[in-house]
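Okay, thanks everyone, I'll keep this short. Let me put the structure up and then walk you through one helix and what sits around it.

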Amino acid sequence: MEAFNFTGASAVPARSLLDFTPLSAPQKRHVSRIYAALTVNVLLTAVGVYGQLKWISLPPFLSLMLSIGCVMGLTYSSQKAHAESQMLTKERAVYFGGFGVLNGMLAANYLHAVHFYVGPQVIPAAFFASVAIFFCFSAAALVAKQRSYLYLGSILGAALTYLSLASLVNIFLRAQLVNNVILWGGLFMYLGFVVYDTQLAVAQFDMGNRDYLLHALQFYVNFLSLFLRLVAILSERQEENNRRKRERRE
């Protein structure tokens, strides 16, 4: 799953790039709400995984279309939410939480296969590594000179474009080298997005954007992308270890 900048990266004035002041109390409250919403959606993703495997099995295409609908609904309701000074409504909560549940349903079969055919230790290891990496890099962005990483936007956008094209090409090439570049390049790219989007959320808050749900949605996409790439990387390593063990037994 690739990230999309739901929060409007282009709408950052030049003065934000030169603002090195520490976080104010309102900014801290905004960031706290983002992290709280992110945590809720990660939990809802786990519910989606369980639901897809145990309760109801939605076709991937349907889950994808519904998740896109949730993003569009949350995005288009942002202006009304600002006008009413009410970021969290029942409708927007459904859009936001639905996106997490549906992404869990999309990833469910892949995670199930990794758990049973590669090793049960892969998913917990990838999850805790993702949590540690995400919050370390996000915290670093908050305590660093506040706007110093907003320059990464164009670089990360270009990297996302090239890696997306490489993914499409590799559908036909099926080259392991290209696959490794996509995996590791994507991992480092999303680390950059974690830092960039953290500072972008603060910059947009200063511009009057109080929609912490949209900011949390971008954080969530970054976290999920990190997690899935770590699952893939650790799965490859575990499969290699399993292969070596089988060779020793023979």
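**One helix, then the core**

So, let's start on the outside: the face of α7 turned away from its buried side carries exposed S154, Y162, L168, F172 and L173. Keep in mind that this is a predicted model.

Now flip to the other side. Which residues of α7 are buried? Those are L156, L160, L163 and N170. Look down the axis of α7 and these buried residues fall within an arc of 100 degrees, so they line one face of the helix. As for what covers them, that includes α8.

Quick sanity check on the geometry. α7 has 22 residues, and at 1.5 Å a residue they should span 32 Å; the end C-alpha atoms are 30 Å apart, so that agrees. Right after α7 comes R174, and its phi is positive, near 55 degrees.

Okay, zooming out. How many residues are in the largest nonpolar core? It's 61, and the ones with the most contacts inside it are L38, L111, F134 and F227. Helices that each supply at least two residues of this core include our α7 (152–173), along with α2 (25–54), α5 (90–118) and α8 (176–206). The biggest giver is α9, with 17 residues.

Let me pick F134 from that core. Leaving out residues up to four places away in sequence, F134 touches Y35, L38, V194, F219, N222, F223 and L226. Notice L38 in there, which is also among the residues with the most contacts inside the core.

That's my tour, happy to go back to any view.

Key. Residues numbered from 1 in each chain as written. Predicted model: local features only at pLDDT ≥ 70, side-chain atom pairs only at ≥ 80, totals over all residues. Heavy atoms only, no water. Core = buried A, V, L, I, M, F, W, Y, C linked by side-chain atoms within 4.5 Å. Buried < 20%, exposed > 50% of the residue type's maximum accessible area, 1.4 Å probe, protein only. Helix = DSSP H or I, 4+ residues; strand = E, 2+ residues; numbered from the N terminus. Contact = heavy atoms within 4.5 Å. Expected span 1.5 Å × (residues − 1). Arc of directions from axis to C-beta.
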